[in-house]
Amino acid sequence: MLDQAKGNSPDIVIMDGSQASSFLRDTLTTGGTAILRGETADDPGLGFAHSVVSGLSMCPRRLESRYLYDRQGSAIFGRITEQPEYYLTRTEAGILADNACRIREITGPVTLVELGSGYSLKTDHLLRAWLACAPSVRYIPVDVSEAALCEACRIICNLHLSARVIGVNGDYREAFPILREVSPVMVVFLGSTIGNFEPEDESRFLAELASSLSPGDFFLLGVDLAKEQLIIDSAYNDVAGVTADFTRNLFARMNRELGSDIDLSAVEHVARYNPLRDQVDIHARFARKQIVRVEPLGKSFAIAEGGMVLTEISRKYHLEACVPSLEGFGFETEAVFTDERNWFALILLKRTDSLSESRERRT
Ligand code: AVJ
(Lines give C-alpha, C1' and ligand atoms only; values in the text may rest on other atoms or scores of the structure.)
Protein backbone atom coordinates (compact mmCIF):
# COMPACT_ATOMS: atom_id res chain seq x y z
CA MET A 1 0.00 0.00 0.00
CA LEU A 2 1.18 3.46 -0.70
CA ASP A 3 2.28 5.74 2.07
CA GLN A 4 -0.43 8.08 3.16
CA ALA A 5 0.20 11.32 4.94
CA LYS A 6 -1.96 12.32 7.88
CA GLY A 7 -2.14 15.70 9.48
CA ASN A 8 -0.32 18.68 8.17
CA SER A 9 2.67 17.46 6.16
CA PRO A 10 1.60 15.83 2.93
CA ASP A 11 3.85 13.06 1.65
CA ILE A 12 4.90 13.02 -1.94
CA VAL A 13 3.66 9.87 -3.58
CA ILE A 14 4.70 8.80 -7.03
CA MET A 15 1.55 8.38 -9.08
CA ASP A 16 1.53 5.26 -11.16
CA GLY A 17 -1.52 4.44 -13.21
CA SER A 18 -3.15 1.40 -11.53
CA GLN A 19 -2.13 2.27 -7.97
CA ALA A 20 -3.32 5.82 -8.33
CA SER A 21 -7.02 5.03 -8.49
CA SER A 22 -7.20 2.72 -5.46
CA PHE A 23 -4.99 5.12 -3.56
CA LEU A 24 -7.32 7.92 -4.50
CA ARG A 25 -10.41 6.05 -3.36
CA ASP A 26 -8.77 5.11 -0.03
CA THR A 27 -7.60 8.60 0.78
CA LEU A 28 -10.90 10.15 -0.19
CA THR A 29 -12.83 7.82 2.13
CA THR A 30 -10.47 7.64 5.10
CA GLY A 31 -9.44 11.29 4.98
CA GLY A 32 -6.02 12.88 5.29
CA THR A 33 -3.85 14.62 2.77
CA ALA A 34 -1.57 13.33 0.09
CA ILE A 35 0.14 14.43 -3.07
CA LEU A 36 0.27 12.40 -6.24
CA ARG A 37 3.18 13.25 -8.45
CA GLY A 38 2.44 12.91 -12.14
CA GLU A 39 4.86 12.53 -15.00
CA THR A 40 4.80 16.21 -15.84
CA ALA A 41 5.50 17.40 -12.30
CA ASP A 42 7.76 20.30 -11.35
CA ASP A 43 11.03 18.68 -12.39
CA PRO A 44 10.21 16.57 -15.41
CA GLY A 45 13.79 15.79 -16.36
CA LEU A 46 14.39 17.10 -19.84
CA GLY A 47 10.87 18.39 -20.49
CA PHE A 48 11.80 22.02 -19.88
CA ALA A 49 14.97 21.73 -21.96
CA HIS A 50 13.11 20.25 -24.94
CA SER A 51 10.35 22.83 -24.65
CA VAL A 52 12.88 25.70 -24.67
CA VAL A 53 14.78 24.29 -27.64
CA SER A 54 11.61 23.85 -29.66
CA GLY A 55 10.24 27.28 -28.67
CA LEU A 56 13.46 29.15 -29.46
CA SER A 57 13.65 27.37 -32.82
CA MET A 58 10.23 28.73 -33.79
CA CYS A 59 9.71 31.87 -35.74
CA PRO A 60 8.54 34.04 -34.00
CA ARG A 61 10.13 32.62 -30.83
CA ARG A 62 7.84 31.54 -28.02
CA LEU A 63 8.12 29.70 -24.72
CA GLU A 64 5.46 27.59 -23.02
CA SER A 65 3.79 29.56 -20.24
CA ARG A 66 3.36 26.55 -17.94
CA TYR A 67 7.10 26.79 -17.19
CA LEU A 68 6.53 30.21 -15.61
CA TYR A 69 5.26 28.42 -12.51
CA ASP A 70 8.24 26.96 -10.67
CA ARG A 71 8.60 27.67 -6.93
CA GLN A 72 9.81 31.22 -7.57
CA GLY A 73 7.34 31.89 -10.37
CA SER A 74 4.34 30.74 -8.32
CA ALA A 75 5.47 33.02 -5.48
CA ILE A 76 5.86 35.98 -7.85
CA PHE A 77 2.45 35.29 -9.38
CA GLY A 78 1.06 35.36 -5.84
CA ARG A 79 2.47 38.89 -5.51
CA ILE A 80 0.99 39.90 -8.90
CA THR A 81 -2.47 39.05 -7.56
CA GLU A 82 -1.91 41.57 -4.74
CA GLN A 83 -0.98 44.47 -7.03
CA PRO A 84 -3.61 47.24 -7.18
CA GLU A 85 -3.64 47.15 -11.01
CA TYR A 86 -4.23 43.39 -11.23
CA TYR A 87 -8.01 43.37 -10.80
CA LEU A 88 -8.60 39.77 -11.93
CA THR A 89 -8.02 37.84 -8.70
CA ARG A 90 -9.73 40.36 -6.45
CA THR A 91 -12.78 40.59 -8.72
CA GLU A 92 -13.11 36.84 -9.10
CA ALA A 93 -12.72 36.28 -5.35
CA GLY A 94 -15.56 38.74 -4.77
CA ILE A 95 -17.83 36.89 -7.21
CA LEU A 96 -16.95 33.59 -5.52
CA ALA A 97 -17.57 34.99 -2.05
CA ASP A 98 -21.00 36.25 -3.12
CA ASN A 99 -22.09 33.12 -4.97
CA ALA A 100 -20.38 30.07 -3.46
CA CYS A 101 -23.49 28.99 -1.54
CA ARG A 102 -25.66 29.40 -4.64
CA ILE A 103 -23.19 27.28 -6.61
CA ARG A 104 -23.32 24.56 -3.94
CA GLU A 105 -27.14 24.62 -4.09
CA ILE A 106 -26.99 23.95 -7.82
CA THR A 107 -24.32 21.25 -7.76
CA GLY A 108 -25.03 19.41 -4.52
CA PRO A 109 -22.20 17.69 -2.60
CA VAL A 110 -19.81 17.07 -5.51
CA THR A 111 -16.05 16.48 -5.28
CA LEU A 112 -14.07 19.60 -6.19
CA VAL A 113 -11.20 19.21 -8.66
CA GLU A 114 -9.29 22.43 -9.28
CA LEU A 115 -7.00 22.79 -12.29
CA GLY A 116 -4.02 25.15 -11.85
CA SER A 117 -4.86 25.60 -8.20
CA GLY A 118 -1.66 27.44 -7.16
CA TYR A 119 -2.07 28.38 -3.51
CA SER A 120 -5.84 27.63 -3.65
CA LEU A 121 -6.61 30.94 -1.94
CA LYS A 122 -9.85 31.76 -3.78
CA THR A 123 -11.06 28.18 -3.44
CA ASP A 124 -11.57 28.69 0.26
CA HIS A 125 -14.89 30.38 -0.53
CA LEU A 126 -16.06 27.16 -2.17
CA LEU A 127 -14.66 24.91 0.57
CA ARG A 128 -16.49 26.95 3.21
CA ALA A 129 -19.76 26.78 1.29
CA TRP A 130 -19.35 23.00 0.89
CA LEU A 131 -18.56 22.55 4.59
CA ALA A 132 -21.55 24.68 5.58
CA CYS A 133 -23.78 22.05 3.96
CA ALA A 134 -22.03 18.78 4.90
CA PRO A 135 -19.50 17.54 7.47
CA SER A 136 -16.72 16.99 4.97
CA VAL A 137 -15.52 17.95 1.51
CA ARG A 138 -13.36 16.20 -1.06
CA TYR A 139 -10.89 18.51 -2.79
CA ILE A 140 -8.34 17.60 -5.46
CA PRO A 141 -6.07 20.51 -6.43
CA VAL A 142 -3.93 20.00 -9.57
CA ASP A 143 -0.84 22.13 -10.18
CA VAL A 144 2.54 21.89 -11.93
CA SER A 145 4.26 23.63 -9.02
CA GLU A 146 4.98 21.13 -6.26
CA ALA A 147 5.91 23.90 -3.85
CA ALA A 148 2.64 25.81 -4.28
CA LEU A 149 0.60 22.60 -4.19
CA CYS A 150 2.17 21.33 -0.93
CA GLU A 151 1.71 24.69 0.71
CA ALA A 152 -1.94 24.80 -0.38
CA CYS A 153 -2.64 21.26 0.89
CA ARG A 154 -0.98 22.03 4.22
CA ILE A 155 -2.94 25.25 4.75
CA ILE A 156 -6.30 23.73 3.79
CA CYS A 157 -5.86 20.73 6.06
CA ASN A 158 -4.92 22.92 8.99
CA LEU A 159 -7.89 25.19 8.32
CA HIS A 160 -10.49 22.51 7.59
CA LEU A 161 -9.79 19.39 9.63
CA SER A 162 -12.48 17.36 7.91
CA ALA A 163 -11.37 18.14 4.36
CA ARG A 164 -10.06 15.22 2.31
CA VAL A 165 -7.38 16.62 0.07
CA ILE A 166 -5.29 14.97 -2.61
CA GLY A 167 -2.90 17.19 -4.52
CA VAL A 168 -2.03 16.08 -8.03
CA ASN A 169 1.36 17.45 -9.04
CA GLY A 170 1.28 17.61 -12.80
CA ASP A 171 -0.46 19.28 -15.72
CA TYR A 172 -4.21 19.30 -16.41
CA ARG A 173 -4.14 16.29 -18.68
CA GLU A 174 -2.98 14.06 -15.86
CA ALA A 175 -6.06 14.88 -13.85
CA PHE A 176 -8.51 13.95 -16.64
CA PRO A 177 -8.41 10.15 -16.09
CA ILE A 178 -9.14 10.73 -12.40
CA LEU A 179 -12.40 12.58 -13.11
CA ARG A 180 -14.46 9.48 -13.82
CA GLU A 181 -13.25 7.90 -10.55
CA VAL A 182 -14.41 10.81 -8.43
CA SER A 183 -17.70 11.70 -10.19
CA PRO A 184 -20.02 13.39 -9.27
CA VAL A 185 -17.52 16.19 -9.57
CA MET A 186 -17.17 19.88 -10.29
CA VAL A 187 -14.01 20.83 -12.17
CA VAL A 188 -12.96 24.34 -11.16
CA PHE A 189 -10.75 26.36 -13.51
CA LEU A 190 -10.35 29.86 -12.13
CA GLY A 191 -8.38 33.02 -12.77
CA SER A 192 -9.00 33.12 -16.52
CA THR A 193 -6.12 30.71 -16.83
CA ILE A 194 -7.96 29.30 -19.85
CA GLY A 195 -6.97 32.56 -21.57
CA ASN A 196 -3.37 31.33 -21.64
CA PHE A 197 -4.32 28.77 -24.31
CA GLU A 198 -4.15 29.46 -28.02
CA PRO A 199 -7.66 28.97 -29.47
CA GLU A 200 -6.82 25.51 -30.88
CA ASP A 201 -5.38 24.37 -27.54
CA GLU A 202 -8.42 25.74 -25.75
CA SER A 203 -10.70 23.74 -28.04
CA ARG A 204 -8.70 20.57 -27.47
CA PHE A 205 -8.75 21.17 -23.72
CA LEU A 206 -12.52 21.68 -23.65
CA ALA A 207 -13.20 18.64 -25.81
CA GLU A 208 -10.97 16.44 -23.64
CA LEU A 209 -12.49 17.80 -20.47
CA ALA A 210 -16.04 17.23 -21.72
CA SER A 211 -15.26 13.66 -22.70
CA SER A 212 -13.52 12.96 -19.36
CA LEU A 213 -16.51 14.18 -17.36
CA SER A 214 -19.62 12.09 -16.77
CA PRO A 215 -23.05 13.41 -17.75
CA GLY A 216 -24.35 15.63 -14.95
CA ASP A 217 -20.86 16.65 -13.74
CA PHE A 218 -20.13 20.38 -13.41
CA PHE A 219 -17.49 22.76 -14.72
CA LEU A 220 -16.92 26.16 -13.10
CA LEU A 221 -14.90 28.44 -15.37
CA GLY A 222 -13.51 31.90 -14.57
CA VAL A 223 -12.99 34.24 -17.54
CA ASP A 224 -11.68 37.77 -17.72
CA LEU A 225 -13.97 39.89 -19.89
CA ALA A 226 -12.86 42.24 -22.66
CA LYS A 227 -12.78 45.83 -21.43
CA GLU A 228 -11.13 49.20 -21.92
CA GLN A 229 -7.54 48.84 -23.11
CA LEU A 230 -6.01 51.07 -20.44
CA ILE A 231 -7.37 48.92 -17.61
CA ILE A 232 -5.99 45.73 -19.11
CA ASP A 233 -2.64 47.26 -20.08
CA SER A 234 -2.20 48.52 -16.50
CA ALA A 235 -2.99 45.09 -15.07
CA TYR A 236 -0.11 43.56 -17.05
CA ASN A 237 2.29 46.46 -16.46
CA ASP A 238 2.06 47.09 -12.72
CA VAL A 239 4.03 50.07 -11.44
CA ALA A 240 5.91 47.97 -8.87
CA GLY A 241 7.31 45.82 -11.69
CA VAL A 242 6.16 42.49 -10.26
CA THR A 243 4.80 41.29 -13.61
CA ALA A 244 8.15 42.16 -15.20
CA ASP A 245 9.84 40.00 -12.53
CA PHE A 246 7.41 37.20 -13.40
CA THR A 247 8.44 37.32 -17.08
CA ARG A 248 12.13 37.61 -16.16
CA ASN A 249 11.86 34.61 -13.84
CA LEU A 250 11.33 32.32 -16.83
CA PHE A 251 14.84 33.25 -17.99
CA ALA A 252 16.16 33.02 -14.44
CA ARG A 253 14.73 29.49 -14.37
CA MET A 254 16.56 28.72 -17.61
CA ASN A 255 19.78 29.93 -15.95
CA ARG A 256 19.08 27.77 -12.88
CA GLU A 257 17.98 24.59 -14.62
CA LEU A 258 19.49 24.73 -18.10
CA GLY A 259 22.76 26.64 -17.55
CA SER A 260 21.49 29.26 -20.02
CA ASP A 261 23.82 32.02 -18.80
CA ILE A 262 21.44 34.87 -19.75
CA ASP A 263 22.17 38.37 -18.46
CA LEU A 264 18.83 39.01 -16.75
CA SER A 265 19.38 42.77 -16.75
CA ALA A 266 19.04 42.57 -20.55
CA VAL A 267 15.55 41.04 -20.34
CA GLU A 268 12.68 43.56 -20.58
CA HIS A 269 8.98 42.85 -20.04
CA VAL A 270 6.66 44.00 -22.84
CA ALA A 271 2.92 43.43 -22.40
CA ARG A 272 0.26 44.96 -24.61
CA TYR A 273 -3.45 44.37 -25.07
CA ASN A 274 -4.63 44.05 -28.65
CA PRO A 275 -8.34 44.92 -28.52
CA LEU A 276 -8.94 43.66 -32.06
CA ARG A 277 -7.80 40.19 -31.03
CA ASP A 278 -9.02 40.44 -27.41
CA GLN A 279 -5.58 39.30 -26.33
CA VAL A 280 -2.63 40.45 -24.23
CA ASP A 281 0.71 39.40 -25.72
CA ILE A 282 3.52 39.20 -23.20
CA HIS A 283 7.05 39.22 -24.56
CA ALA A 284 10.57 39.36 -23.25
CA ARG A 285 12.62 41.84 -25.24
CA PHE A 286 16.38 41.45 -25.22
CA ALA A 287 18.00 44.85 -24.76
CA ARG A 288 21.39 43.39 -25.67
CA LYS A 289 22.49 40.50 -27.83
CA GLN A 290 22.56 37.22 -25.88
CA ILE A 291 23.70 33.68 -26.46
CA VAL A 292 21.19 31.40 -24.74
CA ARG A 293 22.51 27.96 -23.88
CA VAL A 294 20.45 24.85 -23.24
CA GLU A 295 23.23 22.83 -21.63
CA PRO A 296 21.44 19.49 -21.13
CA LEU A 297 20.83 19.25 -24.89
CA GLY A 298 24.09 20.92 -25.96
CA LYS A 299 22.32 23.68 -27.93
CA SER A 300 22.77 27.46 -28.14
CA PHE A 301 20.62 30.20 -29.60
CA ALA A 302 21.72 33.69 -30.55
CA ILE A 303 19.15 36.38 -29.84
CA ALA A 304 19.95 39.76 -31.37
CA GLU A 305 19.55 43.11 -29.65
CA GLY A 306 15.82 43.90 -29.75
CA GLY A 307 14.94 40.22 -30.20
CA MET A 308 11.54 39.23 -28.82
CA VAL A 309 10.38 36.00 -27.19
CA LEU A 310 6.65 35.45 -26.54
CA THR A 311 6.24 34.08 -23.01
CA GLU A 312 2.47 34.24 -22.56
CA ILE A 313 -0.82 35.21 -24.10
CA SER A 314 -3.83 36.20 -21.99
CA ARG A 315 -7.07 36.19 -23.93
CA LYS A 316 -10.14 38.16 -22.90
CA TYR A 317 -13.72 37.02 -23.47
CA HIS A 318 -17.14 38.27 -24.54
CA LEU A 319 -19.92 36.37 -22.79
CA GLU A 320 -22.17 36.51 -25.88
CA ALA A 321 -19.64 34.48 -27.84
CA CYS A 322 -18.01 32.49 -25.07
CA VAL A 323 -21.11 30.86 -23.56
CA PRO A 324 -22.49 29.41 -26.83
CA SER A 325 -19.02 28.20 -27.74
CA LEU A 326 -18.69 26.35 -24.42
CA GLU A 327 -22.12 24.80 -24.97
CA GLY A 328 -20.89 23.50 -28.31
CA PHE A 329 -18.43 21.23 -26.49
CA GLY A 330 -21.20 19.41 -24.63
CA PHE A 331 -22.10 21.68 -21.74
CA GLU A 332 -25.31 23.36 -20.61
CA THR A 333 -25.11 26.73 -18.89
CA GLU A 334 -26.48 26.58 -15.33
CA ALA A 335 -25.59 30.12 -14.28
CA VAL A 336 -23.35 33.07 -15.11
CA PHE A 337 -22.09 35.23 -12.23
CA THR A 338 -20.39 38.59 -12.74
CA ASP A 339 -19.29 41.61 -10.70
CA GLU A 340 -21.08 44.95 -10.80
CA ARG A 341 -18.58 46.40 -13.33
CA ASN A 342 -18.90 43.35 -15.58
CA TRP A 343 -15.14 42.88 -15.59
CA PHE A 344 -14.98 39.16 -14.85
CA ALA A 345 -17.36 36.21 -15.09
CA LEU A 346 -17.78 32.82 -13.48
CA ILE A 347 -19.65 30.41 -15.73
CA LEU A 348 -21.22 27.33 -14.18
CA LEU A 349 -21.71 24.57 -16.75
CA LYS A 350 -23.09 21.05 -16.61
CA ARG A 351 -21.97 18.17 -18.85
CA THR A 352 -24.87 17.20 -21.10
CA ASP A 353 -26.18 13.66 -21.33
CA SER A 354 -24.49 12.96 -24.61
CA LEU A 355 -21.64 14.48 -26.58
CA SER A 356 -22.66 13.25 -30.03
CA GLU A 357 -24.92 16.14 -30.93
CA SER A 358 -22.39 18.80 -29.99
CA ARG A 359 -19.59 16.94 -31.80
CA GLU A 360 -21.62 16.96 -35.00
CA ARG A 361 -22.28 20.65 -34.66
CA ARG A 362 -18.55 21.42 -34.54
CA THR A 363 -17.48 19.28 -37.50
C1 AVJ B 1 -2.77 33.09 -14.28
C2 AVJ B 1 -2.81 33.01 -16.63
C3 AVJ B 1 -4.60 34.01 -15.46
O4 AVJ B 1 -3.12 35.78 -17.72
O5 AVJ B 1 -3.72 37.11 -16.14
C6 AVJ B 1 -0.68 37.60 -14.88
C7 AVJ B 1 -1.02 35.15 -15.64
N8 AVJ B 1 0.66 36.84 -16.35
N9 AVJ B 1 0.18 38.57 -15.21
C10 AVJ B 1 -3.15 36.11 -16.53
C11 AVJ B 1 -0.37 36.50 -15.62
C12 AVJ B 1 1.00 38.11 -16.10
C13 AVJ B 1 -2.51 35.19 -15.49
N14 AVJ B 1 -3.15 33.84 -15.49
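The side chain of Asn196 reaches out to the backbone oxygen of Ile313, at 2.8 Å. Start there. The model you are looking at is predicted. Asn196 sits in the loop that runs between strand E6 (185–189) and helix H8 (199–212). Look past its neighbours within four places in sequence. Asn196 is then in contact with Ser65, Tyr69, Glu312, Ile313 and Ser314.

Two of those names lead to the ligand. Glu312 and Ser314 are among the residues that come nearest to the ligand, along with Tyr86, Gly191 and Tyr236. In total, 15 residues surround the ligand. Now check the polar atoms. A polar side-chain atom of Tyr236 lies 2.5 Å from an oxygen atom of the ligand. Glu312 places a polar side-chain atom 2.8 Å from a ligand nitrogen atom. For Ser314, a polar side-chain atom is 2.7 Å from an oxygen atom of the ligand. How much of the ligand's accessible area does the protein cover? On its own, the ligand has 350 Å² of accessible area, and the protein covers 98% of that.

Which elements give two or more residues to the shell around the ligand? They are helix H3 (71–80), helix H10 (242–258) and strand E12 (308–315). The shell residues divide into eight nonpolar, six polar and one charged.

Next, move along the chain to helix H11, residues 319–327. Its buried residues are Leu319, Cys322, Val323 and Leu326. These buried residues lie on the same side of H11, because they cover an arc of only 95 degrees around the axis. A general rule helps here. An α-helix has 3.6 residues a turn, so residues three or four places apart point the same way. What does the buried side pack against? The buried residues of H11 pack against H8, strand E7 (218–224), strand E13 (331–338) and strand E14 (344–351). Now turn to the face of H11 that points away from the buried side. That face carries Glu320 and Ala321, which are exposed.

Finish at Ser120. Ser120 has its place in the loop between strand E3 (111–115) and helix H5 (124–133). Is Ser120 buried or exposed? Ser120 counts as buried, because its relative accessibility is 5% and the cut-off for buried is under 20%. Leave aside the neighbours within four places in sequence, and Ser120 is in contact with Glu114, Tyr139, Pro141, Ala152 and Ile156. With Tyr139 there is also a polar contact: 2.8 Å joins the two side chains. Leu149 is 29 residues from Ser120 along the chain, yet their C-alpha atoms are separated by 8.2 Å.

Notes: Residues are numbered from 1 along each chain as its sequence is written. This is a predicted model: local features need pLDDT of at least 70, side-chain atom pairs count only at pLDDT 80 or more; totals for chains, interfaces and linings use all residues. Side-chain values use heavy atoms; hydrogens and water are left out. Helices (H or I, at least four residues) and strands (E, at least two) are DSSP runs, numbered from the N terminus. A polar contact is a pair of N or O atoms within 3.5 Å; within protein, one must be able to donate a hydrogen and the other to accept it, and residues adjacent in sequence count only if both atoms are side-chain atoms. Contact means heavy atoms within 4.5 Å. A residue is near a molecule or strand if one of its heavy atoms lies within 4 Å of it. Accessible areas come from the Shrake-Rupley method with a 1.4 Å probe; for residues, only the protein chains shown count as cover. Ala, Val, Leu, Ile, Met, Phe, Trp, Tyr, Cys and Pro count as nonpolar, Asp, Glu, Lys and Arg as charged, and the others, Gly among them, as polar. Buried means under 20% relative accessible area, exposed over 50%, partly exposed in between (1.4 Å probe, protein chains only). The arc is that of the directions from the helix axis to the C-beta atoms.
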